[in-house]
Structures are given as C-alpha cells and as structure tokens.
Amino acid sequence: MPIQSHQLSPASLRQIQRKINELLRKEVLHRQPDDYDLYKPGFCAPIQIVPKQRAGSLQFGKPEGVRVFVQHRNSVLAAVDFMYKGHQLKLTTVHQGAGLRSMLMVLNKLENKYKHSPIACHPEFIYFLLGEWPYIKVRAGKEITYFHHPKERLTAVPADRLLKQIRTIIQHHQS
C-alpha cells in the first residue's frame with residue numbers, strides 16, 4: 001500500500017483552501033491564468049519541530065503542524081507549512097523551487113519503497129532545531145522507521161543511531 005496522506009478535518013481543509021487562495025491572489029504562489037478552483041491541497045504530512053530539551057527521546061508527542069502540498073491539476077506548485085495555534089492553522093512557510101523538489105524526491109522515494117507494503121504508511125517530517133537536515137518518520141502499523149535525506153539521498157536510520165546523532169548535535173552546539 002502506498003504512503004498515505006494525513007487526514008485533516010473539513011474545517012482545517014477549508015482554512016487551508018482559503019489561505020491557498022489568498023497566496024494566489026497576492027501572487028506569492030505562481031499561478032496559471034485560470035480559475036483558483038484548480039489549486040487544491042494535495043498530500044499532507046504532519047510536521048514535528050523538536051527543541052533540544054526534548055531531543056533526548058524519540059517520544060515527541062503531537063505534531064506542531066502540517067505540511068500541505070498545493071496541487072494544480074497533476075503538478076505540485078508548492079508546499080505550505082501550517083502550525084497549530086489552538087484549533088486554528090497559521091501559515092508559517094512556503095516552499096518552492098529547490099526545497100520543494102527535494103521534498104518531492106523524498107516522497108517519491110518513500111512511495112517507491114512502500115508501494116508493496118500491505119499496511120498503510122504515514123510519513124511525518126521531523127526537524128531538530130540544531131540539526132542540519134530534516135528526518136522523516138514513517139509509521140506502518142506499529143512499526144516506525146526513521147529516514148534522513150541529506151544531499152538528495154534517502155537513508156534509513158535505526159532509532160538508536162538517530163538518538164546518538166541528536167545527542168552529538170546537541171553536545172557540539174553546547175560546547
């Protein structure tokens with residue numbers, strides 16, 4: 001089974017669609033000269049931003065936000081990050097260009113890796129505030145696998161090695 005998009009509530013999807021339309025009107029997102037209705041939220045993945053105080057464990061809690069890939073017909077226009085503020089979603093970042101291509105490459109590689117899995121797989125982007133590259137946590141049933149993608153490579157990272165890398169980053173920045 002391929003990777004699955006994070007399910008958002010209808011109210012959240014309406015908020016996101018309004019924000020996408022606003023970004024199109026303000027020309028933050030480049031658009032074709034056709035109707036706004038063709039620009040829709042596509043694949044969604046939770047975002048976890050882990051401060052150094054919580055980085056000693058891989059039990060992070062609830063995600064702080066969601067990354068939404070904005071689609072126009074069959075192409076992806078941008079990735080837009082929203083952070084939760086109560087029940088509202090607040091726009092924080094718009095990804096286009098090389099950053100977007102990198103994220104799409106990672107999702108395509110994950111899609112290819114898990115296409116034969118009988119269990120639905122749910123990716124989540126994890127950012128450590130002192131880390132150089134984001135990690136991807138993929139939950140397939142009860143199994144959790146971590147991936148790292150520095151410089152266009154997608155590499156599986158065992159949980160114990162991930163913790164060691166995090167501790168090394170924290171120690172390096174504290175000295």
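This text walks through the structure, from its overall plan to its cores and one buried residue.

Start with how far to trust it. The model is predicted. Mean pLDDT for the chain is 84, and 85% of the residues reach 70 or more. Confidence is not even along the chain. It is highest in strand β2, residues 65-72, with a mean of 93. It is lowest in helix α3, residues 159-174, with a mean of 75.

Now the plan. The chain holds three helices and eight strands. Read from the N terminus, their order is α-β-β-β-β-α-β-β-β-β-α. Of the 175 residues, 40% count as buried. The exposed surface comes to about 10300 Å², and carbon and sulfur atoms supply 53% of it. Contacts also tie distant parts of the sequence together. Take the contacts between residues at least 6 apart in sequence: 51% of them join residues at least 24 apart.

Next, helix α1, residues 10-25. How does its span fit its 16 residues? At 1.5 Å a residue the helix should cover 22 Å, and its end C-alpha atoms are 23 Å apart, so the two agree. Several of its residues are buried, including I16, I20, L23 and L24. Polar ones are on that list too, among them S12, Q15, Q17 and N21. What do the buried residues of α1 pack against? They meet β1, β2, β3 and β4. After the helix comes E27, whose phi is positive, near 60°.

Helix α2, residues 98-114, has 17 residues. From first C-alpha to last it reaches 24 Å, close to the 24 Å expected. Its buried residues include L100, M103, M105, V106, L107, L110 and Y114.

Helix α2 leads us to the largest nonpolar core, which has 18 residues. The residues with the most contacts inside this core are I3, F69, L110, Y114, I136 and V138. Four elements, β1, α2, β5 and β6, each supply at least two of its residues. Which of them gives the most? That is α2, with seven residues. Look closely at I3. Beyond its neighbours within four places in sequence, I3 is in contact with F43, L107, L110, E111, Y114, C121 and P123. Another core lies apart from the largest one. This other core has 16 residues, among them L8, Y39, V68 and V80.

Now follow strand β5, residues 121-128. Is it mostly covered or mostly open? It is mostly covered, with six of its eight residues buried. Strand β5 pairs with β1 in the parallel sense, over four bridges. It also pairs with β6, this time antiparallel, through six bridges. On the β6 side, F125 stands opposite I136. That I136 is one of the residues with the most contacts inside the largest core.

End with a single residue, Q48. It lies in strand β1. Its bridge partner in β5 is I126. Is Q48 buried or exposed? Its relative accessible area is 0%, and buried means under 20%, so Q48 is buried. Q48 also shows how the fold brings together distant parts of the sequence. Q48 and Y127 are 79 residues apart along the chain, yet their C-alpha atoms are separated by 6.1 Å.

Note on methods: Residues are numbered from 1 along each chain as its sequence is written. This is a predicted model: local features need pLDDT of at least 70, side-chain atom pairs count only at pLDDT 80 or more; totals for chains, interfaces and linings use all residues. Side-chain values use heavy atoms; hydrogens and water are left out. pLDDT is the predictor's confidence in each residue, from 0 to 100. The expected span of a helix is 1.5 Å times one less than its number of residues. Buried means under 20% relative accessible area, exposed over 50%, partly exposed in between (1.4 Å probe, protein chains only). Contact means heavy atoms within 4.5 Å. Accessible areas come from the Shrake-Rupley method with a 1.4 Å probe; for residues, only the protein chains shown count as cover. A nonpolar core is a set of buried Ala, Val, Leu, Ile, Met, Phe, Trp, Tyr and Cys residues joined through side-chain atoms within 4.5 Å. Two strands pair if DSSP finds at least two bridges between them.
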